[in-house]
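Here's a quick tour of one chain, written to be read with the model open beside you. We'll start at a single loop residue and work outwards.

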Amino acid sequence: MASVPPFQQTLEAHADAVWRYLRGMVGGEAAEDCFQETFLAALRAYPRLDPDSNLRAWLLTIAHRKAIDHLRRRRRGQPEQLGDEIEAEREPESDGAIWGSVAMLPPRQRAAVLLRYGADLRHREIAVAIGCSEEAARRSLHEGLKRLRETL
Amino acid sequence: MSPTTDPIETALRSPASEAKSAARRFADRAAQRGADLFYAQEASPLGELLLVAGRRGLIVLRYTPTDVDATLVELAERRSPRIVESPAALDPWRRELSEYFDGARRRFEAPIDWQDLAGFRRRVLAATAAIPYGELESYKTVATKAGSPKAARAAGNALGSNPLAIVIPCHRVRHASGGLGGYTGGLERKRRLLAIESDAG
């Protein structure tokens, strides 16, 4: 009987992608909490998962939900521009400029860009993770990249 | 897609050094709550050991390198795929083992999970678990204690599939003639375990 691999394998194989996505989505500090919540939710649902599932896309779908929940909570707490908050809490990095610009993108474009390049998902998988059509995912990615190139 | 020389794409793809430690923190936390099985690979005087435990106790103690991945995959299918690596969660067993190797511990007290062990095999392993530290019994004696005096060979096979090396001391079983018999971890390990026990005794 085929079954999903031991969870540790899944964790090690995709921790990087999930972290890169969350770091860009909610900022380095909040990424830790979202990362823990993502894998805990994944662990709970894991035994019922279809062994043929695309594990990376599945994990990123969960991570996206956790990131959006986090952004909503934060927005309720502080009614400022999302990007500003994220940029403000981000530690200065060598490529700090790009992360600041990513943080300024509207959430959906930001998610699309990060899912494509941070997590290496295909358009169809991005659409599933965000919960939109493939066409809309393509558009968000395109718009997001265009904006990034303009601001940098 | 444009080539990876694009500075934006390159930056977005940059490795996340924090991911590894975040994953370790997750695994340790999950071992306390959420995961069903946890494992560790532990250095010992007899080489590296693989330990796997669940909520009820220790399930596997094997010499490595046997195929660690294969063992975990097999447990994922038979028990649960909620398996994480967490040395901290194995602390009670790791501590007792280290004391044992130092000659400072004569019996293991941290719990054992007997769930997968049934029938004659279980009776053989239970009889073996009762052999005192530093003593030797024959396959025939163990078979007799397991309820089948004529099944010395079958008892040997049951011991060969002992999932809990050292803790269930199959190294204390030998031939009635005095021959050392076999050992899954190799006879050299069997001799060294017996030497530890005779030095400390």
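## Starting at a loop: B:R55

Find B:R55, which sits in the loop between β2 (49–54) and β3 (57–63) of chain B. Keep in mind that this is a predicted model. Is B:R55 buried or exposed? The cut-off for exposed is 12 or fewer other C-beta atoms within 10 Å, and B:R55 has 10 of them, so B:R55 counts as exposed.

In sequence, B:R55 and B:D113 are 58 residues apart, yet their C-alpha atoms lie 8.5 Å from each other in space. The two strands on either side of the loop, β2(B) and β3(B), make a hairpin with two residues between them. They pair in the antiparallel sense over six bridges, and B:G54 stands opposite B:G57 in β3(B).

## The sheet

Now zoom out a little. β2(B) and β3(B) belong to an open sheet of four strands, in the order β3-β2-β1-β4 (chain B), with mixed pairing. At the edges you'll find β3 and β4 (83–85) of chain B, each pairing on one side only. On average, neighbouring strands of this sheet are turned by 20° against each other, direction ignored.

Where does the mix come from? Strand β1 (residues 37–42) of chain B pairs with β2(B) in the antiparallel sense, over six bridges. With β4(B), on the other hand, β1(B) runs parallel, joined by three bridges. If you want to trace the register by eye, B:L37 has B:G54 as its bridge partner in β2(B), B:Y39 has B:V52, and B:A40 stands opposite B:L51. Over in β4(B), the bridge partner of B:F38 is B:V84.

The hairpin of β1(B) and β2(B) has six residues between the strands. Look there for B:G47, which takes a positive phi near 100°.

## A covered strand

How many of the six residues of β2(B) are buried? The count is six of six, so to speak a strand that is mostly covered. In a regular strand the side chains alternate between the two faces of the sheet. In β2(B), B:L49, B:L51 and B:A53 are buried on one side, while B:L50, B:V52 and B:G54 are buried on the other, and both faces are covered.

## The helix on the sheet

What packs on this sheet, touching β1, β2 and β3 of chain B? That's helix α4 (residues 91–101) of chain B, whose direction makes about 140° with that of β2(B).

The buried residues of α4(B) are B:W93, B:L97 and B:Y100. Looking down the axis of α4(B), you'd see these buried residues fall within an arc of 60°, so they line one face of the helix. They pack against β2 and β3 of chain B. On the other side of α4(B), B:D91 and B:R95 are exposed. Just after α4(B) comes B:G103, which takes a positive phi of about 75°.

## The side that touches chain A

Chain B has company: 29 of its residues are in contact with 32 residues of chain A. On chain B, the elements giving two or more residues to that side are α1 (7–12), α2 (18–32), α3 (68–78) and β4. Which of them gives the most? That would be α2(B), with nine residues.

Sorted by class, the side of chain B that touches chain A has 18 nonpolar, three polar and eight charged residues.

## Chain B as a whole

Stepping right back, chain B has eight helices and six strands. Along the sequence they follow the pattern α-α-β-β-β-α-β-α-α-β-α-α-β-α.

The C-alpha atoms of chain B fill a box of roughly 75 × 35 × 30 Å, taken along the principal axes. For 201 residues, a compact globule would have a radius of gyration near 17 Å, whereas chain B has 21 Å. Buried residues account for 36% of the 201 residues in chain B. As for contacts between residues at least 6 apart in sequence, 58% of those in chain B join residues at least 24 apart.

Key:
Residues are numbered from 1 along each chain as its sequence is written. Chains are lettered from A and ligands numbered from 1 in the order in which they are written. This is a predicted model: local features need pLDDT of at least 70, side-chain atom pairs count only at pLDDT 80 or more; totals for chains, interfaces and linings use all residues. The radius of gyration is taken over C-alpha atoms; the globule rule is 2.2 Å times the number of residues to the power 0.38. A residue is buried if 20 or more other C-beta atoms lie within 10 Å of its own, exposed if 12 or fewer, and partly exposed in between; C-beta atoms are placed from the backbone. Two residues are in contact if their C-beta atoms, placed from the backbone, lie within 7 Å. Two strands pair if DSSP finds at least two bridges between them. Axes are lines fitted to C-alpha atoms, for helices over the stretch in contact, and angles run from 0 to 180 degrees between N-to-C directions. The arc is that of the directions from the helix axis to the C-beta atoms. Ala, Val, Leu, Ile, Met, Phe, Trp, Tyr, Cys and Pro count as nonpolar, Asp, Glu, Lys and Arg as charged, and the others, Gly among them, as polar.
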